[in-house]
Amino acid sequence: QPVILLGHFHMRMSQGVRDPLTITAPALSCENGSDATIFLSADIIMITERMQQGIRDAVRCRAPDLDVARIIVNATHTHTAPMLDDDFYPPVPAGVMTGRAYVDFFIERAARTIVEAWRKCLPGKVAWGLGHAVVGRNRRAVYLDDLSKRPGHHDYPGHCTTRSACMYGATSDPMFSHIEGYEDHSVNLLYTWNERDELTGMIVNVACPSQETENTNFISADFWHETRLAIRDRLGAGVFVLPQCSAAGDQSPHEIWYQGAEQRMRNLRGLDNRSEIARRITQAVADVLPLAQKERHDSLVLRHVVRNVQLPWRKISAAEAAQIRKGAAELEAQPASANPDAAKRMIEDSTRATSLKRCLITLQRYERQQKEPTLAEEIHAVRIGDVAVSTMPFEIFLDYGVRI
């Protein structure tokens, strides 16, 4: 069925499938069964608590011998995958799959994939390495003045601008200063082989969400689709590719610097940006593979630790809460769009609805922080030989990943 695509303030109904959304899961287990880890990567914008719990419940029914706390689920953060919550936008139009229905659909397939990986777990080898590919770039431009104090500036309720940085800001602005933060072009790789020393798959970790063609009306895995095809074309059709997005809340595959020069080089290669990203990642994968396989391991330390960690809130001040409360009242008082263009009317009404929801959620957080000084979050830490993997439940900026 058609779905609502999640990733922007306005509603987008899918008008077809450009390429498939996939789920990939490798299972890793100690020979003596003392510990295990099952990664699950999905072409989707995020993993909600309902999805995580639903996957665990479904797996527990199918595979009672598998400790569901050992399952780590991550999203590639594509903006062209289905909505997961029915109240994010206005009522779902007739004939369109609801978010709840899609989540049920997703949970069943995710659980089936995890159990299949677990049941087919066989002796094999792993190796790891570090490569490089320019995929993510910092998307925040910094200016020499306070943007909120510029003449004619007006914040739409629920969208507050303060100080000097903004996402995808123009570098041609006379007050442009610099790009805000660090960029990480490393490609962290973990390869797997079977008992016959045949390459079976790899985990590919980059600091960039998959949102090159994000504001469109088709279902797509974004640049990971082209990347999977390019890797399989080079290394074998049966090779599994599990993508991971590391801390990259301020990163994007979009350029705000060197735009013209980058476009010229893509034109000379005859590639669009998704295919160019795939070329770069595949080159890193192929470059590291012959080096990593010099140190393949069929026996190593595997340790998986799960903790509920109490994290401090980013406190919302009373002044901020008052501003947000005012914005919510403005949005509630706005009438429905009277735009004669149905598509524009849907954009205007859905933007108002999502902005109002953003305000109300923020006010709920303001009330909650008065009673709860910290936020409990589940954090996984995994050791695979000399490789460390840590999960992060937020769309955190790259600097946090560097600190971790």
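Biologist: Where does Thr80 sit?
Modeller: Thr80 is in the loop between β6 (71–75) and β7 (81–82). Helices (H or I, at least four residues) and strands (E, at least two) are DSSP runs, numbered from the N terminus. Before you ask, this is a predicted model: local features need pLDDT of at least 70 and side-chain atom pairs count only at pLDDT 80 or more, while totals for chains, interfaces and linings use all residues. Residues are numbered from 1 along each chain as its sequence is written, and side-chain values use heavy atoms, with hydrogens and water left out.

Biologist: OK, is Thr80 buried or exposed?
Modeller: Buried, because its relative accessible area comes out at 0%. Buried means under 20%, exposed is over 50%, and partly exposed is in between (1.4 Å probe, protein chains only).

Biologist: What is Thr80 in contact with, beyond its sequence neighbours?
Modeller: Leaving out anything within four places in sequence, its contacts (heavy atoms within 4.5 Å) include Leu5, Leu6, Arg12 and Leu21. From further along the chain, Thr213, Glu214, Thr216, Phe218, Ile219 and Ser220 are also in contact with Thr80.

Biologist: Which atom of Ser220 lies 2.8 Å from a polar side-chain atom of Thr80?
Modeller: The backbone oxygen of Ser220.

Biologist: Switching topic. Which value of phi does Tyr168 have?
Modeller: Near 55°, which is positive in a residue other than glycine. Tyr168 belongs to the loop between β11 (165–167) and β12 (176–179). Tyr168 counts as partly exposed because its relative accessibility is 29%.

Biologist: And what about the phi of Tyr258?
Modeller: Tyr258 is another non-glycine residue with a positive phi, near 65°. You'll find Tyr258 in the loop between β16 (251–252) and α4 (259–269). At 55% relative accessibility, Tyr258 counts as exposed.

Biologist: Now helices. How many Å should α3 span, and what do its end C-alpha atoms give?
Modeller: Helix α3 has 13 residues (223–235), so at 1.5 Å a residue it should span 18 Å, and its end C-alpha atoms are 18 Å apart, which agrees. The expected span is 1.5 Å times one less than the number of residues.

Biologist: Which residues of α3 are buried?
Modeller: Phe223, Trp224, His225, Glu226, Thr227, Arg228 and Ile231. Among the elements covering them are β14 (199–206), β15 (240–245) and α5 (273–292).

Biologist: Why does Glu226 count as buried?
Modeller: Because its relative accessibility is 14%. Glu226 has its place in helix α3, and it touches Arg18, Arg274, Ser275 and Ala278, not counting residues up to four places away in sequence.

Biologist: What comes just after α3?
Modeller: Gly236, with a positive phi of about 130°. The loop between α3 and β15 also holds Val239.

Biologist: Is Val239 buried or exposed?
Modeller: Buried, because its relative accessibility is 3%. Setting aside neighbours within four places in sequence, Val239 contacts Leu199, Thr200, Gly201, Met202 and Arg232.

Biologist: How many Å separate Val239 and Phe218 in space?
Modeller: 26 Å, C-alpha to C-alpha, with their positions 21 residues apart in sequence.

Biologist: Back to α5. How many of its residues are buried?
Modeller: 14 of its 20, which leaves α5 mostly covered. Its length fits too: those 20 residues should span 28 Å at 1.5 Å a residue, and the end C-alpha atoms are 28 Å apart, which agrees.

Biologist: Pockets next. What is the volume of the second largest pocket?
Modeller: About 1,400 Å³. A pocket is an open set of points on a 1 Å grid over the protein atoms alone, where a 1.4 Å probe fits, with protein on both sides within 12 Å along at least five of seven lines; lining residues have an atom within 4 Å of a point. Volume is the space filled by probe spheres set on those points, joined across faces, edges and corners.

Biologist: Which lining residues are closest to the centre of the second largest pocket?
Modeller: Of the 44 that line the second largest pocket, Ala27, Leu28, Lys120, Cys121 and Leu122 are closest to its centre. Elements giving two or more residues to that lining are β3 (23–24), β4 (27–29), α2 (99–119), β8 (125–132), β13 (186–193), β14, α3 and β15.

Biologist: Which element gives the largest share of the lining of the second largest pocket?
Modeller: β14, with 5 residues.

Conventions
A polar contact is a pair of N or O atoms within 3.5 Å; within protein, one must be able to donate a hydrogen and the other to accept it, and residues adjacent in sequence count only if both atoms are side-chain atoms.
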